[in-house]
Amino acid sequence: MEMVIRLSDWLYLMLNGIAGRSWLLDTLISLPLDNNLVKAGPIGACFVYAWWSGGGEADTRRRRATLLVTVASLLLVLATTKTLAHQSLQPRPFVHAQQAWHLEGGKLVETPRLAYRQPLNGNVRSRYEALKRGEIEQNDLVSFPSDHAGFFFALSLGIFLAAWRAGAIALAWTAVAILLPRIVTGMHSPLDIVAGAAIGTVGLLALQLVARHTRHWALEPLAGWTLRHEALAAALLFFVAFESTNVLTNVRDLAGTGQDIVGHVAGR
Amino acid sequence: MRAAVALFLALALGGCGPLDQQAVVLALEPGWSAEVAASDADGFGSPDGLLWTDGWLYVADEGGSALRAWRPGMRATTLADASAGLASPEDLVRDAAGNIYFTDDSRGGLWRTDRLGRTTAVVAPGEGLKSSEGLALSPDGDLIVGDAPGHRVLKVSPAGKVSVLIGADSGIAKPESFAFDAHGNLYIADNHDKILYLRTADGRLHRLIADRAGFSPESLRFAGRALFITDSDHGKLLRYTPEDGLEVVALFGGRLANVQGIAADDRGHLYVSVQSDLLGRKGYILRLYRRTSRV
């Protein structure tokens, strides 16, 4: 494991070495982190393309079944990455640039510091500045595994299984535009990204495998329903594409509000 | 598929890591060192208020319902515990005669444990002090006590005579902690409204730091000319001086995030108590110091 971490750190240092040299380059690299349209717009477009691109009814039904399971797997993947992240306190690389200690065997042990080149523009630059002023988002202490890697890798791979051309574009966009900038700017180490992508892959494939057993009584009837009710299905598709741009943030916020309402009604 | 599932499980287990590692301290100024001075393994429950005097660290052990005394390299000595009626000791001071006075936010009242270990009420909970919070010894030798439900700051003479120093009309919601500077000015931490007050020696009350995002003062302690402040809401150790204003010294995360009391020893080393699990009686006392010079 130590060798994997060393390799990850070496890769991170190499990639983060790009940052902090050119305002224009840093602005372009930060764009997918700061702008949801740039980050996930192309992925949403690939998803919609895959939804409509079937060669005939049977092909469209198969593609839609795959995409429906993909959407369900996103919840599983996100729940897994979030749960694991909160079990393991792994600060982001730009936080690791500070002098830090962690508990080990009941003692505080100084954590090896990572060098960090601060981007010249973008949200991560602001977060790093805020950290130096003593303001930190709790999210910045739990970076392993990357939920973005899990979410977008599962989504892109699901699109790939449904329509390989659109999926290849989505996978390439995920790798180059979504995940690589997260390493360059110090939001994640390569290990965070690989772990997230692995969880995304396993989560998606496992659910696709399980879903095969429900093909006759659930999956195909559901896919058939989307064909019979195209307008309503398209309306629902809008929600899926919309939420895919922000890693289900609105859905999660809504769940939190629901919890608050239940608590309020129950008098807690 | 089996290999993928195995990788998934390996990553999941690897990600969990040993529970002991789920804690982090970040120093935001160069030159600091941090270490665990003591923990629940040294005979504490979950510590709150701290006081350093004469080479001993006195601890209001809120989780363990006890008063303890500890010095480096030793196990904690219990001075008083639940058998004497302690419930949630909050803050403490020691007078020149060696009596320890402490507040109790569950039981209320102001209490004294003398050198022989006898614990008596200086102000009983029934005398209008249902939940007591901050505690300080004034330059005149009076005890300054935070009355949380009454939103008041009381002055109690060593004989037990109670008077109101700052009334409920002042706007202080919860007087959680106090510290006197060398000029007799009183700093007051209100961790309900998240305000640091200053009551100058002439009796005027000022809102020194208010409406500051990410600031909720928990405990106050002077070390040299600097006022050090813990913030349990945000896991911070801060420093205030009139010249430099408020600065964050360190951040605490995970099991070390709930920083509570603070004390400074003769060398300027800071001791910070951490309640990792109040009900489970788990906690730490951390020591932070500058490697190069005094704080």
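Where in chain B is the place of A41(B)? Select A41(B) to begin. The residue sits in the loop between β2 (32-39) and β3 of chain B. Bear in mind on every stop that this is a predicted model.

**Stop 1: A41(B) and chain B as a whole**

Is A41(B) buried or exposed? A41(B) has 11 other C-beta atoms within 10 Å, and a residue with 12 or fewer counts as exposed, so A41(B) is exposed. Now add E218(B) to the selection. The two residues are 177 apart along the chain, and their C-alpha atoms are separated by 25 Å.

Zoom out to chain B. Its secondary structure consists of one helix and 25 strands. The C-alpha trace spans about 75 × 45 × 35 Å along its principal axes. The radius of gyration is 20 Å, which agrees with the value near 19 Å for a compact globule because the chain has 295 residues. Of those 295 residues, 49% are buried. Count the contacts in chain B with a separation of 6 or more: 45% of them are between residues 24 or more positions apart.

**Stop 2: two loops with positive phi in chain B**

Most residues other than glycine have a negative phi. Two residues of chain B are worth a look here.

Select D54(B). Its phi is near 50°, a positive value, and the residue is not a glycine. D54(B) lies in the loop between β3 (47-53) and β4 (56-61) of chain B. D54(B) counts as exposed because it has 9 C-beta neighbours inside 10 Å.

Next, select R281(B). Here phi is positive too, about 55°, again in a residue that is not a glycine. The loop in question runs between β24 (270-277) and β25 (282-290) of chain B. With 17 C-beta neighbours inside 10 Å, R281(B) counts as partly exposed.

**Stop 3: where the chains meet**

Show both chains. In chain A, 33 residues are in contact with 33 residues of chain B. On the chain A side, four elements give two or more residues: α4 (57-87), β1 (99-104), β2 (107-111) and α9 (190-212). Which element gives the most? Color α9(A): it contributes seven residues. By type, the chain A side divides into 19 nonpolar, nine polar and five charged residues.

**Stop 4: a sheet that takes strands from both chains**

Strands of a sheet pair through backbone hydrogen bonds. Select β1(A) together with β1 (23-27) of chain B. These strands pair in the antiparallel sense over four bridges. Pick out Q99(A), which stands opposite A27(B) in β1(B).

Now extend the selection. Seven strands form an open, antiparallel sheet in the order β2(A)-β1(A)-β1(B)-β22(B)-β21(B)-β20(B)-β19(B). Which strands stand at the edges? They are β2 of chain A and β19 (219-223) of chain B. Each has a single partner strand, so one side of each is left without a neighbour in the sheet. From one strand to the next, the twist averages 25°.

Finish at the chain B edge. β19(B) pairs with β20 (226-231) of chain B in the antiparallel sense, over five bridges. A223(B) has A226(B), in β20(B), as its bridge partner.

**Stop 5: two helices of chain A**

An α-helix has 3.6 residues a turn, so residues three or four places apart point the same way. Keep that in view for both helices.

Select α2 (23-34) of chain A. Its buried residues are D26(A), I29(A), S30(A), P32(A) and L33(A). Looking down the axis, these fall within an arc of 145°, so they line one face of α2(A). Their packing partners are α3 (36-52), α6 and α8 (164-184) of chain A. Turn to the other side to find W23(A) and L24(A) exposed.

Move on to α6 (123-132) of chain A. The buried residues are V124(A), R127(A), Y128(A) and L131(A). They lie on the same side of α6(A) because their arc around the axis is only 100°. What covers them includes α2 and α5 (93-96) of chain A. On the other side, S126(A) and E129(A) are exposed.

**Last stop: beyond α6(A)**

Step to G134(A), which follows α6(A) and has a positive phi, near 95°. Then select F144(A) and P145(A). A cis peptide bond joins them, with omega about -5°, whereas most peptide bonds are trans. P145(A) is in the loop between α6 and α7 (147-162) of chain A.

Key: Residues numbered from 1 in each chain as written. Chains lettered and ligands numbered in written order. Predicted model: local features only at pLDDT ≥ 70, side-chain atom pairs only at ≥ 80, totals over all residues. Buried ≥ 20, exposed ≤ 12 C-beta atoms within 10 Å, placed from the backbone. Arc of directions from axis to C-beta. Contact = placed C-beta atoms within 7 Å. Nonpolar A, V, L, I, M, F, W, Y, C, P; charged D, E, K, R; others polar. Pairing = 2+ DSSP bridges. Rg over C-alpha atoms; globule rule 2.2 N^0.38 Å. Axes fitted to C-alpha atoms, helices over the stretch in contact; angles between N-to-C directions.
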